[in-house]
Structures are given as structure tokens and as C-alpha cells.
Amino acid sequence: MSDEKIEKASKIDLDRTDMPKQPPEIRRHNFNEVALGYTEELAIKEAKRCLQCKKPRCKTGCPVEIDIPDFISCIVKGDFAGGIKKIKEKNCLPAVCGRVCPQETQCESKCILTNKKGEIAIGRLERFLADWEAKQGKIDIPKKAKPTGKKVAVVGSGPAGITVAGDLILLGHEVTIFEALHRAGGVLTYGIPEFRLPKAIVAREVDYIKMLGVKVITDFVVGKTRSIDELLEEFDAVFIGTGAGLPWFMNIPGENLNGVYSANEYLTRMNLMQGYRFPMSSTPVRKHMKVAVVGGGNVAMDSARTALRMGAEEVRIIYRRSHAELPARLEESENAEEEGVIFNMLTLPVRYIGDERGWLKEIECIKMELGEPDASGRRRPIEVPNSNFRIAMDAVVCAIGNSPNPLVPSTTPGLETTRHGTLVADPETGKTTRDRVWAGGDIVTGAATVILAMGAGRKAARSIHEYLMNKG
Amino acid sequence: MNKIIERKMIVPNMHLIEIEAPDIAKKVRPGQFVIVRPDDEGERIPLSVADWDTEKGTITIIFMEVGASTGSLASLNAGEAVATCVGPLGNYTEIKKYGTVMCIAGCYGIGSIYPVARALKEAGNNILTVIEARSSYLIYWLDRFIPISEKIFTITRDGSLGYKGHMKRLPDILHSLPAFPDLIIVNGCTYLMAHTSHVTKEMGISTIVNLNPIMIDGTGMCGVCRVTVAGKMKFACVDGPEFNGHDVDWKEFLARRKAYMEEETLFFRRSEPKTKIHKEGECQV
Ligand SMILES: Cc1cc2nc3c(=O)[nH]c(=O)nc-3n(C[C@H](O)[C@H](O)[C@H](O)COP(=O)(O)OP(=O)(O)OC[C@H]3O[C@@H](n4cnc5c(N)ncnc54)[C@H](O)[C@@H]3O)c2cc1C
Ligand SMILES: Cc1cc2nc3c(=O)[nH]c(=O)nc-3n(C[C@H](O)[C@H](O)[C@H](O)COP(=O)(O)OP(=O)(O)OC[C@H]3O[C@@H](n4cnc5c(N)ncnc54)[C@H](O)[C@@H]3O)c2cc1C
Ligand code: SF4
Ligand code: FES
């Protein structure tokens, strides 16, 4: 290393700026957002730590290749408007992504300071800029290309659908989103809870594309109300972004007892149907004192933390592998632990036991140990013989995964699916096996992330635009 | 938002509502249902489609006022609107020539089975209709069933019309026939369907029921509507709502159907039910 470089390295500030949060003992009783975001001072302080690398590695870790050092240098200069503009060139949902992206395995994991444990808090900075823009109150409406007269139907209003719609409307096409539920936003609306992603933020993104001229038709189930083939009669192109909404169960005895929920049901009751306001809202919610959540991903953490906020006294995560294998974001499992969620690792439920009225009373579990690595590279959990034990519980939320909903594929002839029920689509363009039909997001990849769904939407929009313009 | 064309009480506690829904009216087939949210605060409730008018672009639903959501629906009037009306959901009844089909209905099922009976008649079947109610004054739409039915049987608790008693009289009706029907379809409250299935299983008569579990999305996303049929987990909203009644695990179904009974009474009722004549199953005991 040259003297000059050493000089610079010694000045590197490895102290990541903390983001203010609600204290655990308070937040476990409310649905308000847990993380409070950086102030301007904190954001500038954090941004100043960035080394402005010539070959920024963080950028390669971002699935949509945001010009990370550029937006960070805008923050250093106090040019927040410039910073958010830079992000929006690549990411149309920064307020969402800054909150829910797994930065620790994406951009931040690639940051040169990571091996020193001082990686730049890219996600927090992204969130800061997005929130700063929202606070300004005036929204920059970009100029739209002149109308092309082409019509595009987008099925599903999750991050994939919102992105496709937002991109294509700016290119001058007419865009209509069809959404099965009564509120747009996909998992951002019905799944991820208020305390992690306030619904007002999602509503703002949906309002924004509406303002650009996208028509959003809710309460419309494609495959039922109208088929893809019928949509193709009216529209020049169709994009399918229906997500991975079919919940898995474990097929163990007692799974249909009352008090056993899929995570989708549990979270939908709370979020979409505003169950947390019951009895002010009319979707009934039962008060459970002891809740077990089976699984170890973000969905499991969200369910467990929701249960705490609904007043449960004892909430457990039951996961068949160990702490090290938890697929949830580290930040979320730490938050859950701080709030008092109990982690029962290396444990697998084998049977649910009910009372005489058909309500869950106990869970029978078996202990697990880790064997050789499996196909996913993680060590395979194996049952420890004769280690069965029971825990008294009055509700269990099954959060072991989702697969794509077969409704659209099964009603669309010629649309090929894989063995896993996902749609076959070109990873670069999103083109499916049906002419004029594109797809992207969880319906293609299986349950994944917001940013990947958004990225897939971007690519599909580009390909749809190309097709529409060449078609004449 | 879907506009209400008409809303009226047709017999005590039972309402007819005609809703503007052109897309649904174009697509719906017998046996399917919609999900309705009365207002923006409301829960999503599944209701069968009892009739439709493709040209006018409307659908008709018959519903019983049993709780909060059906209560708010009952207080809506022509010109007002419901926040959500989505569908048509679920699979439709397989309409083909079976021979003689007996349609058994009670409560709201009298309305929901009507389009099924009508389509089966058009497909060349002989229709036997069985209507069950507490009393003759709770029976509606007889005028619609008369032209399509070979024979109509009624069972009333007070004996005011037809057989006196409740569903336990079904074997009497079946044994009065020259031959058992080739198929029985039952719509209505859970006990009606469970009891019929029980009776016909012993007699070996194929029986289809239109299950009415608790639902939220109606598209296979939440799993709350799961039922065990022939030992397998099924989602009633996408795999049903019609199933072979002999294969349904009725004990489990009834327990799940009642899951929120206590909470439902907690919710502030916007309107008192007009009459309190119906509670899950109690009309049968
Ligand atoms: C509880 C939970 C927590 C999560 N946490 C994170 C996180 O922290 N970070 C992260 O990056 N990712 C997270 N994810 C994953 C992320 O939300 C998804 O990967 C992403 O939302 C997928 O986007 P999508 O657009 O493909 O589909 P979705 O968001 O699933 O949207 C699909 C939409 O299509 C609609 N639809 C389905 N079928 C039809 C039809 N037939 N007709 C009309 N509309 C239809 C659905 O109602 C839905 O609104 C989480 C997921 C869940 C469930
Ligand atoms: C596929 C399907 C089709 C349906 N079609 C119709 C229909 O065409 N017309 C109709 O009136 N209903 C129908 N139902 C039932 C209807 O969805 C419920 O009556 C409704 O959800 C009740 O909502 P609520 O808020 O008014 O009552 P809640 O407050 O949810 O319930 C109040 C009380 O009434 C009981 N209860 C609720 N529903 C019923 C019922 N159907 N029978 C007996 N007791 C009940 C509950 O257990 C509770 O104790 C159908 C259900 C399904 C799944
Ligand atoms: S979008 Fe996600 S991966 Fe990309 S820079 Fe932002 S936080 Fe990092
Ligand atoms: S109602 Fe949600 S899966 Fe059937």
C-alpha cells in the first residue's frame, strides 16, 4: 500500500451510525413503525464515511445497480433532491426497498468496509432520501412520452406489477392494473406488517402511478372475472405479476383445528382487514395468549411480532434448523428477540392437539439435529429419535412457505409452468411461452424479494415497450 | 364500488339484493359465489349468486341476516353501493344429464340452488325439489321452482306446509319415491348439508353439497376455507365450493365454521337483526 493510501485508511470511520428505533418494551405494544429513520445530521454523518471507491463493489451487489456512491455523495453535499433523483433512475420504490431489502446480503455485503464490520448503511440512506422527498410534499411528475395508442394489462399490483405499470405509462402506453384484492400493493399491503412497512408508504406509491395515469381496477380476479385470453382481445400485451400466494401446510395431524393459521391468513386478517383495530373493524380476530410460529423467515418474524402486538404473552418461533440458518433478515430476527419472542431452534412440530371444541391446545414437537449439507448448502435437519415433547399453545401460525397461485396458469392454455408451479419466462425479458404475455416477480422465481420483483418488472417493461414499438 | 339496484326483505330476515356487476353477470355459472364487502370498514363475506341478468349487467343474491356484515348489507338501499363485489369465484356445478336430480335447499340455499336446478332442467334432467324451513311463511321463490320441478316437497317445523318436522323427514320423502334420484344436490346451512349427506350415504345416493366455510380472499391465498374431503386438505374457495357430501369431514367442518362465534358477538352491530330466528344449526334442533 502506498503511504498515501495508508494515510487515508487510518482515517476511515468504522463506526456505523445507528438508526433510532422505538425501544423494545414500548414497540411490542404498538403497531407504529419500529425504525424511525435517520435525521439529516445522522444521514450526512453516515454518508461522510463512504470512501467513494473508484470501482464501487456495493453497486454490483444491488440487483438493480443503483449508482450508490453517487447518491451518497449527494447526501454529503446536502443535495437530497439530487440524491433521490439518482436512486429513482434505477429504483422506483426506494421508500419500500430502503426498509425491506436484505441489504446485508446485497449491496452492504459487498461494501469494502464490510470485512471491518463497518459497512456503509446504504439501506438507511436510501430510506432517508425517500422519506425526505415525501416530506417535501411536492412530487415531481416526470414528463410522459406522447401517447402510442397501445394498451397493456398488468395482472397483480405487487412490486412487479407497480414497476411495469410505472415504466410503461411514462413511455406513452395506456396501462391498466387488475388486482384480485380490494386494495393494491400485493404483499406490501396484505403481508408485511405496518410496524415494518407503514401502509401509508405503499399507498403513496400506488397513488403515484395512478397520478401518472395508470388505471387500477381492484376486486378483479384474472382467470375468474376475465381470462388472460379475454384480456388479450382488448390489450396489446399482458404482464403477469401474481406473486406466490398459495400457503403451504405441513400435512400433520390436527392442522385443521381452530387456532391453526397460515401466515397468509394471520397477516391478511391483521393488515389488509385491519384486524389490529378489532372490534372497531369488523373482521373478527381472536385474542390468543400463547402463539407459536413455525418457520424461520421474514414471514415468520412478521407473524411472531404481530402476535406480540396483538397482546400475546408468550410467542415462540419454532424452527427446525439452528440460529445460523435462519433465513430471515438478521435485523428482523434481532428485533424479534429484543421484543421478547422466544426461539425454539432445532424443533419440528409433528402433531397439533385440540380440545373438545376443536381448538388448539398443545403442540407436539420433536427435537432435531443437523446432519450433512443438503442441496441448498445448509445442513439438513434430522429427527432425534424419542425426543418428542409437548408445549401448551392456543394458536399456531404456519409460516413455512408459499408457492405460486395456480389460478392464472390453470386458466391460460399454452402458458408453461415448471415443476414448482412457477411460470416459465425468459430471465432477461420476462417473455412467457405465450405470445404477447410477459411475467415477472414471485410468480416466476417463487417467493423471493421486493427488489427482485421490481427488477423483473423493469426488464419486462423494456421488452414489452420494444415489442409494442416494433409492432407498428 | 358496485351499485345496488334493489334490496328488499323477501321473508322475515331473508333479503334479496340486486347488484350492478356486468363483468360477473357475463361470466357466472350455477353454483358459483361472489365475495362482498358491504363498506370500507367491512369484512369480506362469500355469498352465492342466486340469479343474474347478463343484459342488464346485474347479479342477484339471497342472504340471511345473521351478523355484522349481513346486517350492514341488509341496511343498504337501492342507489347506494357495496365497497366490493368480486367474482365469480369457485367452480361451477357440473351441468349434464344425470336423469333425476333432487335439489334440497333451506335458508339462503333456496335462492342459491335455483340457478342450479334451472340449468339441470334445461340439460334434460327431471328435477325433484325439497324445501325445508321453520314455517311456510319463510319459504320463498316457490313460483320459480314450480315450472322446473317434477315435484316439490316441503318440510316445515310447524307442519304449516307439507311434511311436519325437520331434515329427519328426508328418508320419508326418499322412500315415497318410485326410485331414488340419480343425484342429490344440497344448498343451505351446514346442518342441512351434513344431515342429508349422512342419510344419503347409508342409502348410497350420490350427494353434492355447496360448502360455506369462513373465507377471506376467495382465491386460494389464505387457507382459512380449508376442509378435509376424502382425507385430503382442500380449499373450498378454489377446489370447491361443491364437494361430494359423503367425503366431507363434517365434524371438523362444523368446528371450523363456528370458529369466530364469540368474537362476532363482540363486534358492534350496526343494526339489530330484524328477527332472531336463526343461529348456526339451532333451527335444526
Ligand atoms: C410476510 C412477508 C414478509 C416479507 N418480507 C420481505 C422483506 O423484508 N424483504 C423483501 O425483499 N421481501 C419480503 N417479502 C417478499 C416480497 O414481499 C415478495 O417477494 C414480493 O412482494 C413479490 O412481488 P410480486 O409483485 O411478484 O408479487 P406480490 O407482492 O405477491 O403481488 C401479487 C399481487 O397479485 C395479486 N393477484 C394474484 N392472483 C391474481 C389474479 N388471478 N388476478 C388479479 N390479481 C391477482 C395478488 O392479490 C397480489 O396483490 C415478504 C413476503 C411476505 C409474505
Ligand atoms: C361459498 C359460500 C356461499 C355462501 N352463500 C351464501 C348466500 O348465498 N346467502 C347467505 O345468506 N349466506 C351465504 N353464505 C354464508 C355467509 O357467507 C355468512 O352468512 C356470512 O359470512 C355471515 O357474515 P356476518 O358477518 O353477517 O355474520 P357473522 O357475524 O359472521 O356470524 C353471526 C353468527 O351467525 C352464524 N352464521 C354465519 N353464517 C351462517 C350461515 N350461513 N348459516 C348459519 N349460521 C351462520 C355464525 O356462526 C355466527 O354465530 C355463504 C358462504 C360461503 C362460503
Ligand atoms: S435497492 Fe436494495 S440492494 Fe439496491 S442499493 Fe438499495 S438497499 Fe441496496
Ligand atoms: S378463502 Fe382464502 S384460501 Fe379460500
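**Note on the predicted model: ligand shells, the A–B interface and backbone geometry**

1. The shell around ligand 1 consists of 33 residues, of which Val100(A), Glu179(A), Arg196(A), Val222(A) and Asp442(A) are the closest. The model is a predicted one, and the remarks below should be read accordingly.

2. Polar atoms of chain A approach ligand 1 at several places. The side chain of Glu179(A) places a polar atom 2.6 Å from an oxygen atom of the ligand. Backbone atoms also take part: a polar backbone atom of Ala160(A) is 2.9 Å from an oxygen atom of ligand 1, and a polar backbone atom of Ala448(A) is 3.2 Å from an oxygen atom of ligand 1. As for cover, ligand 1 taken alone exposes 1,000 Å², and the protein buries 94% of that area.

3. Which helices of chain A each supply at least two residues of the shell around ligand 1? They are α10 (159-170), α15 (298-309) and α19 (450-471). The largest share, three residues, comes from α15(A). By class, the shell around ligand 1 holds 18 nonpolar, eleven polar and four charged residues.

4. Ligand 3 is also surrounded by residues of chain A, among them Cys62(A), Cys101(A) and Cys107(A). Its surroundings further include Ile66(A), Ile68(A), Ile122(A) and Ile451(A), as well as Pro63(A). Asn91(A), Gln103(A), Gln106(A) and Glu126(A) belong to the shell too. The class count for the shell around ligand 3 is eight nonpolar residues, three polar and one charged.

5. The interface between the two chains deserves separate comment. Chain B contributes 43 residues to the contact and chain A contributes 44 residues. The size of an interface is often expressed as the accessible area lost when the parts come together. For chain B and chain A the buried area is about 3,600 Å², with 51% of it on carbon and sulfur atoms.

6. How many salt bridges does the rule find across the interface of chain B and chain A? There are two. One salt bridge joins the side chains of Lys27(B) and Glu230(A), with an N to O distance of 2.6 Å. The rule also finds 16 residue pairs in polar contact across the interface of chain B and chain A, with both residues at pLDDT 80 or more.

7. On the side of chain B that touches chain A, at least two residues each come from α1 (22-27), β8 (84-89), β15 (226-229), β16 (232-235), α8 (250-257) and α9 (261-266) of chain B. Strand β8(B) gives the most to this side, with six residues. In terms of class, the side of chain B that touches chain A has 18 nonpolar, ten polar and 15 charged residues.

8. Three backbone features merit inspection. Most residues other than glycine have a negative phi, and most peptide bonds are trans. In chain B, the peptide bond from Gly87(B) to Pro88(B) is cis, with omega near -5°, and Pro88(B) lies in strand β8 of chain B. Gly240(B) and Pro241(B) are likewise joined by a cis peptide bond, with omega about 5°; Pro241(B) is located in the loop between α7 (236-239) and β17 (242-244) of chain B.

9. In chain A, Gln52(A) has a positive phi of about 50° although it is not a glycine. Gln52(A) is in the loop between α3 (40-48) and α4 (57-61) of chain A.

Definitions and conventions
Residues numbered from 1 in each chain as written. Chains lettered and ligands numbered in written order. Predicted model: local features only at pLDDT ≥ 70, side-chain atom pairs only at ≥ 80, totals over all residues. Heavy atoms only, no water. Contact = heavy atoms within 4.5 Å. Buried area = accessible area lost by both parts, 1.4 Å probe. Salt bridge = Lys/Arg side-chain N within 4 Å of Asp/Glu carboxyl O. Polar contact = N/O pair within 3.5 Å; in protein donor to acceptor, adjacent residues only side chain to side chain. Helix = DSSP H or I, 4+ residues; strand = E, 2+ residues; numbered from the N terminus. Nonpolar A, V, L, I, M, F, W, Y, C, P; charged D, E, K, R; others polar. Near = heavy atom within 4 Å. Areas by Shrake-Rupley, 256 points an atom, 1.4 Å probe, with all protein chains shown as cover.
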